[in-house]
Amino acid sequence: MADPFAAGLAALHGGAGSAAAVYRAAGIGAPIGVRVVRSRPDVETGWPGERAVVQASNLFEIRVDEVAAPLAGDTLTLGGEAFVLTGTPLIDVEGLTWRCGAERA
């Protein structure tokens, strides 16, 4: 029996709101064609007791079956824009997708 979570994820990454991208591990390996779901949530930053600063961010969801272990410093290129992954990629509870923060390169 097929995994319903994997089937739903495949539909999400192939539908509206997803994009074709090229993933490249930092300094090694060949480029890999992947599909990503991009979000741009606003995040609050600042020190406790100080006024928070709101800034835009870039988050990408990448399927584990396309990229086994993304790392900070790896790059994604989509729509003519290049991004460098930042921080530690986080895996979802089902172990199917990575959530990666990124900054424009």
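In this predicted model, Glu81 sits partly out in the open, with a relative accessible area of 26%. Its side chain pairs up with that of Arg38 in a salt bridge, at 3.6 Å from N to O. Arg38 belongs to strand E2 (residues 32-39) and Glu81 to strand E7 (residues 81-91), so this pair ties together parts that lie 43 residues apart in sequence. The two don't act as a lone couple, either: Arg38, Glu81 and Arg104 are linked in a network of salt bridges.

The structure holds 4 salt bridges. One of them joins the side chains of Glu61 and Arg99, at 3.8 Å from N to O. Here Glu61 comes from strand E5 (residues 58-63) and Arg99 from strand E8 (residues 97-104), so parts 38 residues apart in sequence get tied together. Glu61 is partly exposed, at 23% relative accessible area, and Arg99 is partly exposed as well, at 40%.

Arg63 and Asp65 also meet through their side chains in a salt bridge, at 2.8 Å from N to O. Arg63 is buried, with a relative accessible area of 17%, whereas Asp65 counts as exposed at 59%.

Now for the protein as a whole. Its secondary structure adds up to 1 helix and 8 strands, and the helix comes ahead of the strands along the sequence, in the pattern α-β-β-β-β-β-β-β-β. Of the contacts with a separation of 6 or more, 45% are between residues 24 or more positions apart. Buried residues make up 27% of the 105 residues. The accessible surface comes to about 6,600 Å², and carbon and sulfur atoms account for 60% of that.

Definitions and conventions. Residues are numbered from 1 along each chain as its sequence is written. This is a predicted model: local features need pLDDT of at least 70, side-chain atom pairs count only at pLDDT 80 or more; totals for chains, interfaces and linings use all residues. Side-chain values use heavy atoms; hydrogens and water are left out. Helices (H or I, at least four residues) and strands (E, at least two) are DSSP runs, numbered from the N terminus. Buried means under 20% relative accessible area, exposed over 50%, partly exposed in between (1.4 Å probe, protein chains only). Contact means heavy atoms within 4.5 Å. Accessible areas come from the Shrake-Rupley method with a 1.4 Å probe; for residues, only the protein chains shown count as cover.
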